[in-house]
Amino acid sequence: MRFKVFIKNYTALTIGGGAEGRTDISLNDLIIPPSSIKGSMRTAINKFLPQNYTSCGKIRPEEITEKHKELGKPCDVCLLFGYPKSRDIGCFTINIVTDLEKLDKVSFTRVAIDDKTQKAVEGGLFSQEAISPESEVVIEVNFRDSCRERMLKLLLYSLSALRLWRLGRNAMIDLKIENICEKYKCDEEMKKIVTNLENYLW
Ligand SMILES: [Zn+2]
């Protein structure tokens, strides 16, 4: 199933980048790579994991493998988001729907500081673009139905958790989703999660 997620940022939004001067990176990659959104969701759900779900809480591939061996199976968070050495890339993908080129941007000029000397690096002045506060970015989540409803719920819980966490470089965001219960059959728990996500929180 597919559904749309609307993300509103309260502070300037930058996620990717750090590669100033390169022009061969699309703005999508520079500002919002889908993998970064997934990464932030994953971090957020580990902070606010619902009781009946498991997470190995590991990041390094060897530790994940080790922990899953202990558990006797992959943890729920890894099943949803994917994990190393798995043929499975997780239960969902994300596309950016909004044409980011058309959003208002702010440009920051920064000075690169040398870690050792704490002085400005010669020629270290660079500018970086970010999406202006109060913008709305629409993304589309494609959920693999074979992952079943329990995983879909964990995905929605991850979106809820993301509201309380940060996206990218400390951007404060809010988000809402389209009402999937109008299109799909939802049980009581699902209705509750969807209702909670139907409007912006802040
Ligand atoms: Zn795991």
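**Exercise 1. Find which residue of β5 stands opposite Thr93, then work out the sheet around that pair.**

Step 1. Start with the pair itself: Thr93 has Asn142 of β5 across from it. Keep in mind that you're looking at a predicted model.

Step 2. Now look for another partner of Asn142. Arg2 has Asn142 as its bridge partner in β5. Lys4 is bridged to Glu140 of β5.

Step 3. Zoom out to whole strands. β1 and β5 run antiparallel and are joined by seven bridges. Between β2 and β5 there are five bridges, again in the antiparallel sense.

Step 4. Put the strands in order. The open sheet has four of them, arranged β2-β5-β1-β6 with antiparallel pairing. β2 (92-96) and β6 each have a single partner strand, so they stand at the edges and one side of each has no neighbour in the sheet. On average, and ignoring direction, neighbouring strands here are turned by 30° against each other.

Step 5. Check what lies on the sheet. Helix α2 packs there and touches β2 and β5, and its direction makes about 130° with that of β2.

**Exercise 2. Work out which side of helix α6 is buried and which residues on the other side are exposed.**

Step 1. List the buried residues of α6, which covers residues 188-197: they are Ile193, Val194 and Leu197.

Step 2. Ask how they're spread around the helix. Their arc around the axis is only 95°, which means they sit on the same side of α6. A handy rule: an α-helix has 3.6 residues a turn, so residues three or four places apart point the same way.

Step 3. Turn to the other side. There you'll find Glu188, Lys191 and Thr195, which are exposed.

Step 4. Look for the cover. The buried residues of α6 are covered by elements including α5 (148-163) and β6 (173-177). Leu156 gives you a concrete example, as it touches Ile193, Val194 and Leu197.

**Exercise 3. Decide whether α5 and α3 are largely enclosed or largely in the open.**

Step 1. Count for α5. Of its 16 residues, 13 are buried, so the rest of the structure largely encloses this helix.

Step 2. Count for α3, residues 61-71. Just one of its eleven residues is buried, so α3 lies largely in the open. Right after α3 comes Gly72, with a positive phi of about 85°.

Step 3. Test the length of α5. At 1.5 Å a residue, its 16 residues should span 22 Å, and the end C-alpha atoms are 24 Å apart, which agrees.

**Exercise 4. Find the element that gives the most to the largest nonpolar core.**

Step 1. Start with the core: it has 42 residues, and Leu80, Leu155, Leu156 and Leu159 have the most contacts inside it.

Step 2. See who contributes. Elements giving two or more residues include β1 (2-9), α2 (34-47), α4 (76-81), β4 (120-131) and β5 (136-143), along with α5, β6 and α6.

Step 3. Pick the top one. That's α5, which gives nine residues.

**Exercise 5. Describe the chain as a whole.**

Step 1. Count the elements: there are six helices and six strands. Along the sequence they come as β-α-α-α-α-β-β-β-β-α-β-α.

Step 2. Check burial. The chain has 202 residues, and 26% of them count as buried.

Step 3. Look at contacts. Taking those between residues at least 6 apart in sequence, 66% join residues at least 24 apart.

Technical notes: Residues numbered from 1 in each chain as written. Predicted model: local features only at pLDDT ≥ 70, side-chain atom pairs only at ≥ 80, totals over all residues. Buried ≥ 20, exposed ≤ 12 C-beta atoms within 10 Å, placed from the backbone. Helix = DSSP H or I, 4+ residues; strand = E, 2+ residues; numbered from the N terminus. Arc of directions from axis to C-beta. Contact = placed C-beta atoms within 7 Å. Core = buried A, V, L, I, M, F, W, Y, C linked by C-beta atoms within 7 Å. Pairing = 2+ DSSP bridges. Axes fitted to C-alpha atoms, helices over the stretch in contact; angles between N-to-C directions. Expected span 1.5 Å × (residues − 1).
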